[in-house]
Amino acid sequence: MTNNPLVADKLKGKKTVEYVPVSYEEILKMARDRVYQGYKLLSHPLSGSVKPKETPYKSIMVSTRKEEVEAQSVRIIEEAVMACGKFTDRRDSYGPDVRKDFQMIDWTLLESAFASADAW
């Protein structure tokens, strides 16, 4: 799931992508809802060195199969949502070029996680 239009575009027809144009925090909450439904996190919700809400974009991989709720995924996503709440939302302060840079950063982080996620 992602709020990054670049990710949605690059993966169109290649992977299942849920693109939703919402805030960083809302993407985390959507992932949290999936985890509580029994989906497993396949990428870390706070990957990279960019602080939550410093970037407007976030992509998170979750499993396609529902299983029992996994304690580790619950802990990770809950900590990510709590961490996100500590930061100020800056997404409205960026121009188009900076937004494109943040889209590319998010894409690069997601792309680097594919190999380990595909192992699941």
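A pocket, as used here, is an open set of grid points with protein on both sides within 12 Å along at least five of seven lines. Keep that in mind for the opening stop, and remember throughout that you are looking at a predicted model.

**Stop 1: the largest pocket**

Start with the largest pocket, which has a volume of about 630 Å³. To find its middle, select Thr16, Leu42, Val62, Ser63 and Thr64; of the 25 lining residues, these are the closest to the centre. Now colour by secondary structure. H1 and H4 each supply at least two residues of the lining, and H4 gives the largest share, with four. If you recolour by residue class, the lining of this pocket splits into 13 nonpolar, five polar and seven charged residues.

**Stop 2: the closed space**

How many cavities of 30 Å³ or more does the structure hold? There is one, and the space inside comes to about 80 Å³. Select Tyr24, Ser47, Val50, Thr55, Tyr57, Lys58, Phe102, Ile105, Asp106 and Leu109 to show the residues that line this cavity. Helix H4, residues 96–118, again deserves a highlight: the largest share of the cavity lining, four residues, comes from there. By class, you should see six nonpolar, two polar and two charged residues around the cavity.

**Stop 3: Leu109**

Stay with one of those lining residues, Leu109, and centre the view on its place in helix H4. Is Leu109 buried or exposed? Neither label fits, because its relative accessible area is 26%, which makes Leu109 partly exposed. Leaving aside residues up to four places away in sequence, Leu109 touches Ser47 and Gly48. Ser47 is also on the cavity-lining list. Then draw a distance from Leu109 to Ser59: the two are 50 residues apart along the chain, and their C-alpha atoms are separated by 8.6 Å.

**Stop 4: Asn4**

Next, jump to Asn4, which is found in the segment before helix H1 (5–11). Switch on a surface and you won't find Asn4 there, because its relative accessible area is 0%, so Asn4 is buried. What does Asn4 touch, not counting residues up to four places away in sequence? Select Tyr19, Tyr57, Ser59, Gln103, Asp106 and Trp107. Two of these names, Tyr57 and Asp106, are familiar from the cavity lining. Before moving on, zoom in on the side chain of Asn4: one of its polar atoms lies 2.9 Å from the backbone nitrogen of Leu6.

**Stop 5: the nonpolar cores**

In soluble globular proteins, nonpolar side chains tend to be buried together. For the example here, select Met1, Leu28, Leu41, Ile60, Val62 and Ile77, which touch the most other members of the largest nonpolar core, a set of 18 residues. The elements that give two or more residues to this core are helix H2 (24–36) and helix H3 (71–84). There is also a second, separate core of ten residues; Leu42, Trp107, Leu110 and Phe114 are among them.

Back in the largest core, show everything around Ile60. Not counting residues up to four places away in sequence, Ile60 touches Met1, Ile27, Leu28, Ala31, Leu41, Ser43 and Pro45.

**Stop 6: Ser73, Glu70 and Arg75**

Finish around helix H3, where you'll find Ser73. With a relative accessibility of 2%, Ser73 counts as buried, because the cut-off for that label is under 20%. Beyond residues up to four places away in sequence, Ser73 touches Val35, Lys40 and Leu41. Leu41 is one of the core residues from the previous stop.

Which side chain makes a polar contact with the side chain of Ser73? Select Glu70, and the contact shows up at 2.4 Å. Glu70 sits in the loop between H2 and H3 and is partly exposed, at 24% relative accessible area. From Glu70, draw a line to Leu41: the two are 29 residues apart in sequence and 9.0 Å apart in space, C-alpha to C-alpha.

The last selection is Arg75, also placed in helix H3. Arg75 is partly exposed, with a relative accessible area of 43%. Its C-alpha atom is separated by 14 Å from that of Leu42, 33 residues apart along the chain. Leu42 takes you back to the centre of the largest pocket, where it is one of the closest residues.

Methods: Residues numbered from 1 in each chain as written. Predicted model: local features only at pLDDT ≥ 70, side-chain atom pairs only at ≥ 80, totals over all residues. Heavy atoms only, no water. Core = buried A, V, L, I, M, F, W, Y, C linked by side-chain atoms within 4.5 Å. Buried < 20%, exposed > 50% of the residue type's maximum accessible area, 1.4 Å probe, protein only. Contact = heavy atoms within 4.5 Å. 1 Å grid on protein atoms, 1.4 Å probe; cavity = no way out; pocket = protein on both sides within 12 Å on 5 of 7 lines; lining within 4 Å. Points joined across faces, edges and corners; volume = space filled by probe spheres on them. Nonpolar A, V, L, I, M, F, W, Y, C, P; charged D, E, K, R; others polar. Polar contact = N/O pair within 3.5 Å; in protein donor to acceptor, adjacent residues only side chain to side chain.
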